[in-house]
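Student: Please choose one part of this chain and take me through it slowly, together with whatever lies around it. I would like each technical word explained when it comes up.

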Amino acid sequence: MHPKDNRYPEYIAEQIKKGTTTCALTCKDGVVLAADTRASAGFFIADRHVMKIQKVDNHLAMTIAGGVADAQNLVDTMRYNANIFRLENKENIPVKSAARLCSNILFNNRYFPYYVQIIMAGYTNEEGGRIYNIDLFGSLTTEKFISTGSGSPVAYGYLEPEYKEGMSVNDAYKVAMQAIAAAIRRNAGTGDNINVAIIDKDGYRELSKEQKAAVGVVF
């Protein structure tokens, strides 16, 4: 479709909706983030090995869904601000403050929006594990568990009955992987593999291939 066509913005928005499933869960001792690895452009698979969980700081990370370039730019902006906050204040930026900053950036660009949907997640001793869902206009919500992307309705179908308050990160990451696997089985824009990250008192870490294989998810 030609960019000057009046339907072009709607067409782009529809294409961006297709693809990706990410989720995040709060736990008694941290947070868990999981995402698939497929990048799609409409019905075309552009990349099978995309890391959709991005580390912002040692206590903070975000998942990305939507336009890749917009999301990467936002991740870089958040990393910059988290580093500046740590250098100036000699402490890590609170998770709530990082989420509000990301929300403000998106709201201020609402007329030329970033085509993204973000989950901001982190853990501090003061706040515990916190996750925030932020849409392209800057709307900010928080829940015990969140899923974004085209496969999120399927992921929620698994998360709703399986998530339990007070879960440990070691139990929660298995639930998160099963939710993403369910989305891979039922959503064409989601697929190829699963990445998982945990943030707790020891900081940010990603699960190894061996740890993920031990869960035995099928997709």
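Tutor: Contact here means that heavy atoms lie within 4.5 Å, and with that in hand we can begin at S152, which touches T21 and S147 when residues up to four places away in sequence are not counted. The model is a predicted one, in which local features need pLDDT of at least 70 and side-chain atom pairs count only at pLDDT 80 or more, while totals for chains, interfaces and linings use all residues. Residues are numbered from 1 along each chain as its sequence is written, and side-chain values use heavy atoms, with hydrogens and water left out.

S152 belongs to helix α4, residues 152-162; helices (H or I, at least four residues) and strands (E, at least two) are DSSP runs, numbered from the N terminus. Its side chain reaches the backbone oxygen of G149 at 2.7 Å, which fits a polar contact (a pair of N or O atoms within 3.5 Å; within protein, one must be able to donate a hydrogen and the other to accept it, and residues adjacent in sequence count only if both atoms are side-chain atoms). S152 counts as buried because its relative accessibility is 12%, where buried means under 20% relative accessible area, exposed over 50% and partly exposed in between, with a 1.4 Å probe and protein chains only.

T21, which S152 touches, falls within strand β1, residues 21-27, and this leads us to the strands. Two strands pair if DSSP finds at least two bridges between them; β1 and β2 are joined by six and run antiparallel, with a hairpin linking them through two residues. Across this pairing, C23 stands opposite A34 in β2.

T26 also lies in β1 and is buried, since its relative accessible area is 8%. Leaving aside neighbours within four places in sequence, T26 has contacts that include V31, E143, K144 and Y163.

Strand β2 itself spans residues 30-36, and seven of its seven residues are buried, so the strand is largely enclosed by the rest of the structure. In a regular strand the side chains alternate between the two faces of the sheet. In β2, G30, V32, A34 and D36 point one way, whereas V31, L33 and A35 point the other way. β2 also pairs with strand β11, residues 194-200, through seven bridges, again antiparallel, and there V31 stands opposite I199.
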